[in-house]
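Open the model in your viewer and keep the selection tool ready. Each stop says what to pick and what is there.

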Amino acid sequence: MSSQSLYQVPSDIANNALVNNDQYKKMYQESIVNPEGFWREHGKRVDWIKPYSKIKQTSFDDHNLSIEWFYDGTLNASANCLDRHLEDNGDKVAIIWEGDDAAEQRKITYKELHADVCKFANALRSQGVARGDVVTIYMPMVPEAAVAMLACARIGAVHSVVFGGFSPDSIASRVIDGKSKVVITADEGIRGGRKIPLKDSVDQALSNPDVQCVEKVIVLNRTGGDINWVEGRDIWWESIMDVASEHCAYEEMNAEDPLFLLYTSGSTGNPKGVLHTTGGYMVYASMTHEYVFDYKDGEIYWCTADVGWITGHSYMVYGPLANGATILIHEGVPNYPSPARLGEMIDRHNVNILYTAPTLIRALMAEGKEQFDGFDGKSLRIMGSVGEPINPEAWRWYHEVIGREHCPIVDTWWQTETGGILISPLPGATDTKPGSATRPFFGVQPALVDNMGNIIEGAAEGNLVILDSWPGQMRTVYGDHDRFALTYFKTFRGMYFTGDGARRDEDGYYWITGRVDDVINVSGHRLGTAEVESALVAHELVAEAAVVGYPHDIKGQGIYAYVTLSRGIEATEELRLELRQWVRKEIGALATPDLIQFAGGLPKTRSGKIMRRFLRKIAANEITNLGDSSTLADPAVIDTLIETRLNKA
Ligand code: WTA
């Protein structure tokens with residue numbers, strides 16, 4: 001690695017940072033050699049009702065799985081995000097909110113947020129929600145989304161946030177899996193100048209005859225738009241808040257009691273309900289937020305993720321609020337009404353820490369630097385990236401145009417399953433290389449293994465695994481512990497398999513190369529190819545479908561679908577459009593195939609297994625070196641697919 005591509009820690013950052021390089025090395029070493037001692041100390045960063053005496057009981061042996069942290073301690077997550085700040089920081093702003101239309105602005109202090117959460121917690125109880133119940137949240141990016149989450153946590157209910165871009169079917173399957181009695185939504189959301197009919201989607205979801213569990217739908221009045229109303233089931237948020245008391249004692253939860261469920265795509269089957277518990281998650285989310293962003297008291301922190309994703313949970317709500325930060329929440333998209341919006345918001349609110357995704361950076365990059373001519377950016381100190389590999393070109397643009405060449409970039413690698421960041425630079429400690437997530441966080445032991453599961457040392461490329469547990473790790477797949485063991489611990493026995501591939505360079509830095517399973521990453525959103533395939537084959541004219549990712553300039557990966565139509569059906573442009581719409585309706589806009597190639601046949605082995613590696617290569621327009629096709633039942637299929645491929649760019 002040439003020294004030109006090494007970005008050294010700026011000395012002003014190193015001198016004032018929470019940890020410098022020597023301290024990082026010492027702390028990391030200690031966290032691996034003596035995890036009990038390390039976490040016994042750092043677990044104290046959250047407020048416990050009953051302090052823990054046990055630290056960890058963990059085993060990645062798939063027959064004897066165990067992941068427990070601080071397990072005799074008790075606490076409450078909402079108390080950690082709110083009550084603990086009241087005495088010294090009650091009047092500090094907790095949330096700055098900016099509407100899709102920048103004319104709409106709100107500021108909410110910790111005291112006010114606490115009062116709102118208490119009221120809504122009481123309101124939930126008045127609707128029959130009890131400790132352990134799963135509550136589904138399908139909300140726009142308004143402060144009330146955080147209020148709803150924290151209110152659930154306060155009374156020990158388990159929230160399950162569904163991203164506002166998911167379809168009615170996706171809501172239905174999540175509601176059914178969680179057996180939710182209550183759904184919280186808004187009449188409409190607003191994003192990029194468009195109204196999003198959230199309540200309408202909930203109505204459609206609940207009209208599915210398989211959804212029998214929902215008793216109440218709580219509706220926030222966001223736009224006042226026309227909505228359908230079901231008497232006896234639907235209740236206005238405002239009406240139950242008006243009569244609720246501001247006093248609500250929080251529930252005493254065990255460290256291992258569930259905090260939330262969040263559904264995410266895997267390589268097979270329906271999205272899995274990833275279950276996170278309370279103690280370890282709060283310790284890990286707050287600690288990583290503080291160290292990875294070098295967060296300092298009084299700073300304004302902006303995470304552009306939607307609350308429907310894990311980043312919105314750990315680094316918009318729980319981590320920063322536990323640390324008493326002032327968070328900026330934006331209702332809309334950071335490049336509307338113009339690409340200058342991101343910079344305008346940073347300047348308007350004096351944002352010190354920005355956390356965003358490569359897909360946004362690439363989209364802004366495509367608009368040209370002049371969009372940022374009026375951008376000052378002097379408040380910015382640290383910038384983060386998450387969700388997908390960041391290409392070095394986008395990294396440099398981010399560094400130069402947004403960071404004005406003086407802000408360290410933390411390229412944070414992690415997953416819904418990991419609860420928090422596992423591999424990332426620390427601003428004051430780690431020299432960075434564009435495109436590398438660099439080194440593990442404290443307590444995290446990454447390794448690379450070959451396809452047989454042998455650990456490979458030194459500079460090498462392989463499958464990325466983690467050798468021992470960390471406090472923020474998911475505990476199970478909701479309702480399916482066997483699937484948890486099978487998905488993460490059976491591929492390579494005794495190790496947590498991430499599903500990602502990675503390279504480690506001569507400095508020990510990790511470079512994530514992307515998924516090695518059938519998961520694709522579209523604009524930082526995870527999707528199982530199997531989900532898109534099953535949506536396609538649910539269409540009556542489709543006989544068979546195979547879906548792969550292909551390189552896409554803005555989205556990172558685009559969705560490429562090969563579709564075989566039922567006998568006698570003609571492949572037309574209209575049908576192509578209809579299928580795109582169909583998938584959109586079945587899953588949500590983010591799953592819409594970019595390219596659909598009609599195929600008379602798919603490359604299969606004699607036993608009928610689709611050979612995806614050919615399909616991936618053809619979709620990527622890499623047709624010169626396709627590899628051995630002799631095991632195919634009909635090798636001629638390949639030639640036809642190549643001829644009619646759609647990505648010839
Ligand atoms: C990918 C998002 C490269 C990776 C927090 C992972 C990344 C998946 C990075 C998890 C990064 C996330 N560099 N790849 N910095 N961050 N990924 O569950 O493939 O939505 O497995 O969690 O995103 O996506 P998820």
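The tour goes from the ligand to a pair of helices.

This is a predicted model: local features need pLDDT of at least 70, side-chain atom pairs count only at pLDDT 80 or more, and totals for chains, interfaces and linings use all residues. Residues are numbered from 1 along each chain as its sequence is written, and side-chain values use heavy atoms, without hydrogens or water.

**Stop 1: the ligand.** Select the ligand and the 17 residues around it, each with a heavy atom within 4 Å. Asp411, Thr412, Thr416, Asp500 and Arg526 come nearest. By class, the shell holds 6 nonpolar, 6 polar (Gly counts here) and 5 charged (Asp, Glu, Lys, Arg) residues.

**Stop 2: the backbone at Gly387.** Show backbone atoms. A polar one of Gly387 is 3.1 Å from a ligand nitrogen. For Glu388, a backbone N or O atom lies 3.4 Å from a nitrogen of the ligand. Pro389 also places a backbone N or O atom 3.4 Å from a ligand nitrogen. The protein buries 96% of the 520 Å² that the ligand exposes when taken alone (Shrake-Rupley method, 1.4 Å probe).

**Stop 3: the shell elements.** Colour α12 (310-322), β20 (409-412) and β26 (510-515); these elements each give two or more residues to the shell. Helices are DSSP runs of H or I with at least four residues, strands runs of E with at least two.

**Stop 4: α11 against α12.** Add α11, residues 279-292. How do the axes of α11 and α12 cross? They come within 8 Å and cross at roughly 90°. The two helices are therefore roughly perpendicular (65 to 115 degrees). Pick Tyr281 and His289, among the α11 residues that meet α12, with heavy atoms within 4.5 Å. This contact has 7 nonpolar, 6 polar and no charged residues.

Technical notes. Polar contact = N/O pair within 3.5 Å; in protein donor to acceptor, adjacent residues only side chain to side chain. Axes fitted to C-alpha atoms, helices over the stretch in contact; angles between N-to-C directions. Parallel < 35°, antiparallel > 145°, perpendicular 65-115°, else oblique.
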